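Here are my notes on the model you sent round, set out as numbered points. I hope they are handy to read with the viewer open.

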Amino acid sequence: MGTLTSGWLALHGGAGWLADHATATQVLGVATTLLVVPTAAAFEGPRGAVEAATAWFEPLGVAVRECPILTRHDAFDPARVAELANAEALVFTGGQPLHLRSVLTESPAWDAIVAAFGGGVPIIAEGASASAFGDPMLDPRGGAFTIGLGLVTGLAVLPESDTWSADRRSRTMRLATNAELALVPSTTTLLRSPTGEWSSRGPVEATFVPARVRS
């Protein structure tokens, strides 16, 4: 477990950026520049999403740049792929996880993201966007499970779990496949360390539900 296997992975449960600035400082490490990827916000105001990320992260002393991958065509653009490959840290805004998945799946951009993460680059994802990095992922259109991007396999990340009704929670548990579930409240950040340990930060702990426990 002492060998570096990836960068930090920070999956925030709601709108906003991580539980606090101290968590962000730990995740970013020595990075002096971070790249904001507003793919999931393509139909919901990507410029505003980037501006919000900039306002939150710049007080930490890091420079914030945008990598405008909004369409499938963008994910094959060599210049944008090169930006991802050379990033010090990657930040994915909230929005529509299915759009994020459809744009990045089996693309050079996704290959660059996976390679960067494997080389130690931290990844931060906000809200609904965070759910796309697991596999399976929850389909927000109807509540069934579908294929995610799979940066982490065998884990379904469920953001904003504290806002769910009892009926929705029960239905999701019934529909879950043979994957572990991570219920991440709106104010909580689920963290995976470079050596694979999971933890959470925020006023309410994230909850893991093992694959064989459904109630």
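1. To begin with a detail: which backbone nitrogen does a side-chain oxygen of aspartate 20 reach at the start of helix 1? The partner is alanine 22, whose backbone nitrogen lies within 3.3 Å of that oxygen. A polar contact here is a pair of N or O atoms within 3.5 Å; within protein, one must be able to donate a hydrogen and the other to accept it, and residues adjacent in sequence count only if both atoms are side-chain atoms.

2. Some ground rules before going on. This is a predicted model, in which local features need pLDDT of at least 70 and side-chain atom pairs count only at pLDDT 80 or more, while totals for chains, interfaces and linings use all residues. Residues are numbered from 1 along each chain as its sequence is written, and side-chain values use heavy atoms, with hydrogens and water left out.

3. Now the overall picture. The protein has seven helices and 14 strands, where helices (H or I, at least four residues) and strands (E, at least two) are DSSP runs numbered from the N terminus. Its radius of gyration is 16 Å, close to the 17 Å that the globule rule gives for 215 residues, so the protein is as compact as a globular protein of that length. That radius is taken over C-alpha atoms, and the rule is 2.2 Å times the number of residues to the power 0.38. Buried residues account for 51% of the 215; buried means under 20% relative accessible area, exposed over 50%, and partly exposed in between (1.4 Å probe, protein chains only).

4. Back to helix 1, which covers residues 21–28. Thr23, Ala24, Val27 and Leu28 are its buried residues. They cover an arc of only 125° around the axis, which puts them on the same side of the helix; the arc is that of the directions from the helix axis to the C-beta atoms. An α-helix has 3.6 residues a turn, so residues three or four places apart point the same way. The elements that the buried residues pack against include strand 1 (9–12), strand 2 (33–37) and helix 2 (46–57), contact meaning heavy atoms within 4.5 Å. Glycine 29, with a positive phi near 60°, follows the helix.

5. The open sheet deserves a look. Seven strands form it in the order 3-2-4-5-1-12-13, with mixed pairing; two strands pair if DSSP finds at least two bridges between them. Strand 3 (63–66) and strand 13 stand at the edges with a single partner strand each, so one side of each is left without a neighbour in the sheet. On average, neighbouring strands are turned by 20° against each other, direction ignored. Helix 2 packs on this sheet, and its direction makes about 170° with that of strand 3. For these angles, axes are lines fitted to C-alpha atoms, for helices over the stretch in contact, and angles run from 0 to 180 degrees between N-to-C directions.

6. Strand 10 (residues 155–159) has five of its five residues buried, so it is largely enclosed by the rest of the structure. Leu155, Val157 and Pro159 point one way, and Ala156 and Leu158 the other. Five bridges join strand 10 to strand 11 (residues 180–184), and the two run parallel. Within this pair, valine 157 stands opposite alanine 182.

7. Serine 131 is linked to strand 10: its contacts beyond four places in sequence are Pro97, Met137, Val157 and Pro159. This serine belongs to helix 6 (residues 128–131) and is buried at 4% relative accessibility. Its side chain reaches the backbone oxygen of alanine 128 at 2.6 Å.

8. Glutamate 197 sits in the loop between strand 12 and strand 13. Its side chain makes a polar contact of 2.5 Å with that of serine 193, and another of 2.5 Å with that of threonine 195.

9. Finally, some backbone geometry to check. Most residues other than glycine have a negative phi, and most peptide bonds are trans. Leucine 18 has a positive phi of about 65° and is buried at 6% relative accessibility. Glutamate 106 has a positive phi of about 50°, and at 69% relative accessibility it counts as exposed. A cis peptide bond, with omega about 10°, joins aspartate 135 and proline 136.
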